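Student: Please show me the model, and then let us go through some of its local features.

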Amino acid sequence: MLNLYIAYPDSPTRFGINSSNTLDFAIIRNFYYPFTINSLNDLSSDHNPVLLNFTLKLNKETSNPRAVHTNWPQFSKYLNSNFSLLNYHPNTINTANDIDQKITEFTETVRAAHSQ
């Protein structure tokens with residue numbers, strides 16, 4: 001994905017006889033600061049200047065005490081040592097009770113890995 005944004009003013013930038021167009025725009029890529037873009041009626045011309053204003057200050061992000069950080073290598077290591085897909089071969093599951101048991105085993109293993 002190119003992460004492109006086309007910015008243009010809300011009002012036209014060029015005025016003709018019985019017509020108006022927005023000819024001026026900006027292509028912004030990988031820029032995450034707030035900005036405004038305006039067509040200015042400051043000149044006596046058929047083409048208005050455009051002001052593109054960037055605010056180079058971001059709000060300070062507050063930490064989330066409920067955020068969860070997962071140690072994926074440790075999680076994966078736990079699953080690999082406590083869970084084997086060989087125990088889930090279709091030929092070993094013959095009844096609805098077998099399916100329920102395998103689902104319970106899988107769920108408990110994932111929960112235990114999460115706890116670790």
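The questions below deal with aromatic pairs, a helix, backbone angles and a surface patch.

Tutor: This is a predicted model, in which local features need pLDDT of at least 70, side-chain atom pairs count only at pLDDT 80 or more, and totals for chains, interfaces and linings use all residues. Residues are numbered from 1 along each chain as its sequence is written, and side-chain values use heavy atoms, with hydrogens and water left out.

Student: How many aromatic pairs are there by the rule used here?

Tutor: Rings of Phe, Tyr and Trp (its six-membered ring) pair if their centres lie within 6.5 Å; planes under 30 degrees apart count as stacked, over 60 as edge-to-face and the rest as tilted. By this rule the count is six.

Student: Phe-31 and Phe-54 form an aromatic pair; how far apart in sequence are the parts it ties together?

Tutor: The Phe-31 and Phe-54 rings are edge-to-face, 4.6 Å centre to centre with 65° between the planes. Phe-31 lies in the loop between strand S4 (26-29) and strand S5 (35-39), and Phe-54 in strand S6 (residues 50-54), so the pair ties together parts separated by 23 residues. Strands here are DSSP runs of E with at least two residues, helices are runs of H or I with at least four, and both are numbered from the N terminus.

Student: Is Phe-54 buried, partly exposed or exposed?

Tutor: Buried means under 20% relative accessible area, exposed over 50%, and partly exposed in between (1.4 Å probe, protein chains only). Phe-54 has a relative accessible area of 32%, so the residue is partly exposed.

Student: Why is the pair of Trp-72 and Phe-75 stacked, tilted or edge-to-face?

Tutor: Trp-72 and Phe-75 both lie in helix H1 (residues 72-82), three residues apart, about one turn of the helix. Trp-72 is exposed at 55% relative accessible area, whereas Phe-75 is buried at 17%. The ring centres of Trp-72 and Phe-75 are 5.5 Å apart and the planes stand at 80°, so the pair is edge-to-face.

Student: Which residues of helix H2 are buried?

Tutor: Helix H2 (residues 96-115) has 20 residues and reaches 29 Å from its first C-alpha to its last, close to the 28 Å expected at 1.5 Å a residue; that expected span is 1.5 Å times one less than the number of residues. On one side of H2, residues including Glu-108, Arg-111 and His-114 are exposed. The buried residues of H2 are Lys-102, Thr-109 and Ala-113.

Student: What arc around the axis do the buried residues of H2 cover?

Tutor: The arc is that of the directions from the helix axis to the C-beta atoms. Lys-102, Thr-109 and Ala-113 lie on the same side of H2, because their arc is only 35°.

Student: What is the phi of Asn-18?

Tutor: Most residues other than glycine have a negative phi. Asn-18 is found in the loop between S2 and strand S3 (19-21) and counts as exposed at 80% relative accessibility. Although Asn-18 is not a glycine, its phi is positive, about 60°.

Student: What accessible area does the nonpolar surface patch with Tyr-8 have together?

Tutor: Patch residues have over 30% relative accessible area and no salt bridge (a side-chain nitrogen of Lys or Arg within 4 Å of a carboxyl oxygen of Asp or Glu). Like charges are joined within 9 Å and nonpolar side chains (Val, Leu, Ile, Met, Phe, Trp, Tyr) within 5 Å, and areas come from the Shrake-Rupley method with a 1.4 Å probe, only the protein chains shown counting as cover for residues. Tyr-8 is found in the loop between strand S1 (4-7) and strand S2 (14-16). Leu-2, Leu-4, Ile-6, Tyr-8, Phe-25 and Ile-27 form the patch, and their accessible area together is about 670 Å².
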